[in-house]
Amino acid sequence: DIHLEYFRAGADIAETNTFGATVIAQGDYKLEAVSYEMNVESARIAREAAAIAESETPGRVCYVAGVLGPTNRTASISPKVSDPGFRNVSFDELREAYKDSTRGLIEGGADLILVETIFDTLNAKAAIAAVKDLENETGETIPMALSMTVVDLSGRNLSGQTVEAFWNSIRHADPISVGINCALGAEQMRPYAVALSRVADTLVHVYPNAGLPNDLGGYDETPE
């Protein structure tokens with residue numbers, strides 16, 4: 001229903017509900033065994049909504065973006081304050097987890113892969129490598145969109161990169177679009193979108209949220 005509401009409101013792309021559906025993230029709930037199924041079914045449900053929207057407006061084409069979230073572990077940052085060199089996940093573990101999810105999303109009917117809310121660029125590079133691995137296995141091109149999150153007004157993600165540095169780290173992936181999502185509201189996000197658009201030689205996207213919470217825990221920005 002939510003996918004369909006977006007399509008009926010005019011969206012051309014809806015994303016799957018798979019932000020935390022990797023084997024790694026599902027480990028917190030001991031649901032690793034159904035991670036693949038989550039990705040397949042989430043893509044299938046979004047594809048079903050796309051088909052309904054297309055049938056309501058003959059000639060219309062709706063797309064499904066299969067989401068790879070950042071996982072609950074980071075390749076660049078230690079979860080132990082007393083041990084900066086410690087990591088609780090490896091690049092190869094991330095790469096395999098993302099590859100498994102990507103295979104499920106494509107099987108379920110996703111048209112493109114959206115690596116979103118990138119707060120650790122090294123995690124994103126593992127996701128890119130996973131998608132490229134699957135391309136090499138299948139011989140099929142898998143379009144990718146990459147979306148960074150700027151965590152505060154310093155204009156950086158958690159692994160310390162500016163939007164310009166981020167672009168130069170991932171441009172080899174040849175994404176169909178690169179952009180910013182989450183964390184900041186529209187007004188605060190705008191200058192970073194402008195900065196990204198100056199350097200990126202692909203399409204630039206933005207999807208802000210309601211901004212950071214105010215002192216009372218509420219949100220000042222409205223949908224309008």
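T117 is found in strand 3 of a predicted model, in which local features need pLDDT of at least 70, side-chain atom pairs count only at pLDDT 80 or more, and totals for chains, interfaces and linings use all residues. Residues are numbered from 1 along each chain as its sequence is written, and side-chain values use heavy atoms, with hydrogens and water left out. Strands (E, at least two residues) and helices (H or I, at least four) are DSSP runs, numbered from the N terminus. The phi of T117 is near 50°, a positive value in a residue other than glycine. For a reader new to backbone angles, it helps to know that most residues other than glycine have a negative phi. T117 counts as buried, at 9% relative accessibility; buried means under 20% relative accessible area, exposed means over 50%, and partly exposed lies in between (1.4 Å probe, protein chains only).

A second positive phi, of about 55°, belongs to D174, which is not a glycine either. D174 lies in the loop between helix 6 (163-170) and strand 5 (177-181). Is D174 buried or exposed? With a relative accessible area of 63%, D174 is exposed, whereas T117 is buried.

The strands can now be put together. Six of them form an open sheet with the order 1-2-3-4-5-6 and parallel pairing; two strands pair if DSSP finds at least two bridges between them. Strand 1 (13-15) and strand 6 (203-207) are the edge strands, each pairing on one side only. On average, neighbouring strands of this sheet are turned by 25° against each other, direction ignored.

Walking through the sheet from strand 1, one finds three bridges in the parallel pairing of strand 1 with strand 2, where I13 stands opposite Y63. Strand 2 also pairs with strand 3 (residues 112-118), in the parallel sense and over four bridges. Here A65 stands opposite L112, and V67 faces L114 of strand 3. Strand 2 is largely enclosed by the rest of the structure, because five of its six residues are buried.

Strand 3 and strand 4 run parallel and are joined by four bridges, with V115 opposite L146 of strand 4. How many residues of strand 4 are buried? Five of the five are, so this strand is largely enclosed by the rest of the structure. M144, L146 and M148 point one way from strand 4, while A145 and S147 point the other way, and all are buried.

The loop between strand 4 (144-148) and helix 6 holds T149. T149 counts as buried, at 4% relative accessibility. Leaving aside neighbours within four places in sequence, T149 is in contact (heavy atoms within 4.5 Å) with T117, I118, F119, R156, N157, N181, C182 and A183. The list includes T117, the residue of strand 3 described at the start. T149 and L184 are 35 residues apart in sequence and 8.3 Å apart in space, C-alpha to C-alpha.

Two helices also meet. The axes of helix 3 and helix 4 (residues 91-108) come within 7 Å and cross at roughly 30°. Axes are lines fitted to C-alpha atoms, for helices over the stretch in contact, and angles run from 0 to 180 degrees between N-to-C directions. Helix 3 passes helix 4 in a right-handed crossing; a crossing is right-handed if the near helix is turned clockwise from the far one by less than a right angle, and left-handed if anticlockwise. From helix 3, the contact is made by S35, Y36, N39, V40, A43, R44 and R47, and from helix 4 by D100, S101, R103, G104, L105, E107 and G108.

T57 is found in the loop between helix 3 (35-56) and strand 2 (63-68). With a relative accessible area of 39%, T57 is partly exposed. T57 and R190 are 133 residues apart in sequence and 33 Å apart in space, C-alpha to C-alpha.

Last come the rings. The charged end of K80 sits over the ring of F86, 4.2 Å from its centre; a charge sits over a ring if NZ of Lys or CZ of Arg is within 6 Å of the ring centre and within 35 degrees of the ring normal.
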